[in-house]
Amino acid sequence: MNRSGYLIAVIVSVLTFILMSNITFAQVSFRANLTGDTEVPPLFSVSDGRALIDGNDSSLRYLINVSSLDKVTGAFLYKGGDSENGQVLVSLLNLTKPSGVIDGKLVEGTINSSSIIPTLANLTTNITISVPAAGNLTNMTSAVPAAGNLTNMTSAVPAAGNLTNMTSAVPAAGNLTNMTSAVPAAGNLTNMTSAVPAAGNLTNMTSAVPTSKLDALIGLMNNNMTYINIHTSKFPDGELRGTLTNSTG
């Protein structure tokens, strides 16, 4: 093989490796601003922080920086929305005694499936919808008067003499019962149909199901359902908090 052919083969091999790596290990990145006023309930803290988590579906790296934060006891990754105190997913830092004042890097490390505390089942959200059997949907009925009964609908009609001062044409009271409109027979109403999937088919609607705890964690992050919370001895339930949002790009 001549030199040019060898170089072409090397380039093709490298490009193939890069392409396969991107397919197998899709890169993701998440960030959070950590403040006291995002705690639940909100609190005042003179400190703040930043959290970065990035990696792929094999492992995630995390880095947390803080400014002038004193007496830190731990940092945790939680499952939960902005308005709730949720469930601990990963212990990022757990100190046996409070730290001194930290101004800069608080902690860094790696998250993999073995780092995640809950089971895979507890990391996914199951949504159930009560669906009537397809046959029952066609049995929905409402009270429909027979077409003939429509002429029996009455309202208080003043005697014609009482309307003599009104300057518009007024039908005789008896004529009011002759007002008609096209009304389907009551039986025909039950024949109105629309395309209704069988109840069983509705439960087969699926989305990508996570195959590992790390995959499920990334799914929660993508749905803004995770947050970082830093605990201190002054605020044991958390002094700095922030929701992780996708910053991949």
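Helices here are DSSP runs of H or I with at least four residues, numbered from the N terminus. By that convention, α6 is followed by Asn 224, whose phi is positive, near 55°. Welcome to a quick tour of this predicted model, in which the secondary structure comes to 6 helices and 9 strands. The protein has 249 residues, and 24% of them count as buried. Among its contacts with a separation of 6 or more, 70% are made by residues 24 or more positions apart.

**The open sheet**

- An open sheet is formed by 4 strands in the order β5-β4-β7-β8, and the pairing is antiparallel.
- Its edge strands, each pairing on one side only, are β5 (87–94) and β8 (240–243).
- From one strand to the next, the twist averages 15°.
- As a reminder, strands of a sheet pair through backbone hydrogen bonds, in either a parallel or an antiparallel manner.
- Strand β7, covering residues 226–232, runs antiparallel to β8 and is joined to it by 4 bridges.
- Within that pairing, Tyr 227 has Thr 243 in β8 as its bridge partner.

**Aromatic rings around Tyr 227**

- The model contains 2 aromatic pairs.
- In one of them, Phe 76 and Tyr 78 meet edge-to-face, at 6.4 Å centre to centre and with 75° between the planes.
- Both partners are buried: Phe 76 has a relative accessible area of 13%, and Tyr 78 has one of 10%.
- Tyr 78 also pairs with Tyr 227; the ring centres are 5.0 Å apart and the planes lie at 0°, so this pair is stacked.
- That stacked pair links distant parts of the chain, with Tyr 78 in strand β4 (residues 72–79) and Tyr 227 in strand β7, 149 residues apart.
- Tyr 227 counts as buried because its relative accessibility is 0%, while the cut-off for buried is under 20%.
- Taken together, the ring pairs link Phe 76, Tyr 78 and Tyr 227 into a cluster.
- Tyr 227 has a further partner in Arg 241, whose charged end sits over the Tyr 227 ring, 3.5 Å from its centre.

**Phe 30 and its surroundings**

- Where is Phe 30 found? Phe 30 lies in strand β1, which spans residues 28–34.
- Is Phe 30 buried or exposed? At 0% relative accessibility, Phe 30 counts as buried.
- Beyond its neighbours within four places in sequence, Phe 30 is in contact with several residues, including Ala 51, Leu 52 and Ile 53.
- The contacts of Phe 30 also include Ile 218, Met 221 and Asn 222, and helix α6 spans residues 213–222.
- Further contacts of Phe 30 include Leu 244, Thr 245, Asn 246 and Ser 247.
- The C-alpha atoms of Phe 30 and Asn 224 are separated by 9.8 Å, although the two residues are 194 residues apart along the chain.
- In α6 itself, Leu 214, Ala 216, Leu 217, Ile 218, Leu 220 and Met 221 are buried.

**Backbone points worth a look**

- Asn 224 is not a glycine, yet its phi is positive, at about 55°.
- Asn 224 sits in the loop between α6 and β7 and, at 38% relative accessibility, counts as partly exposed.
- Ser 68, likewise not a glycine, has a positive phi of about 50°.
- Ser 68 has its place in strand β3 (residues 60–69), and its relative accessibility of 40% makes it partly exposed.
- Val 40 and Pro 41 are joined by a cis peptide bond, with omega about 0°.
- Pro 41 is found in the loop between β1 and β2 (48–55).

**Salt bridges**

- How many salt bridges does the structure hold? There are 3 of them.
- One brings together the side chains of Arg 61 and Asp 54, at 3.2 Å from N to O; Arg 61 is partly exposed, with a relative accessible area of 45%.
- Another joins the side chains of Lys 71 and Asp 70, with an N to O distance of 3.1 Å.
- Each of these two is partly exposed: Lys 71 has a relative accessible area of 41%, and Asp 70 has 30% relative accessibility.
- Glu 108 forms a salt bridge with Lys 105, and the closest N and O atoms are 2.8 Å apart.

Technical notes: Residues are numbered from 1 along each chain as its sequence is written. This is a predicted model: local features need pLDDT of at least 70, side-chain atom pairs count only at pLDDT 80 or more; totals for chains, interfaces and linings use all residues. Side-chain values use heavy atoms; hydrogens and water are left out. A salt bridge is a side-chain nitrogen of Lys or Arg within 4 Å of a carboxyl oxygen of Asp or Glu. Buried means under 20% relative accessible area, exposed over 50%, partly exposed in between (1.4 Å probe, protein chains only). Two strands pair if DSSP finds at least two bridges between them. Helices (H or I, at least four residues) and strands (E, at least two) are DSSP runs, numbered from the N terminus. Axes are lines fitted to C-alpha atoms, for helices over the stretch in contact, and angles run from 0 to 180 degrees between N-to-C directions. Contact means heavy atoms within 4.5 Å. Rings of Phe, Tyr and Trp (its six-membered ring) pair if their centres lie within 6.5 Å; planes under 30 degrees apart count as stacked, over 60 as edge-to-face and the rest as tilted. A charge sits over a ring if NZ of Lys or CZ of Arg is within 6 Å of the ring centre and within 35 degrees of the ring normal.
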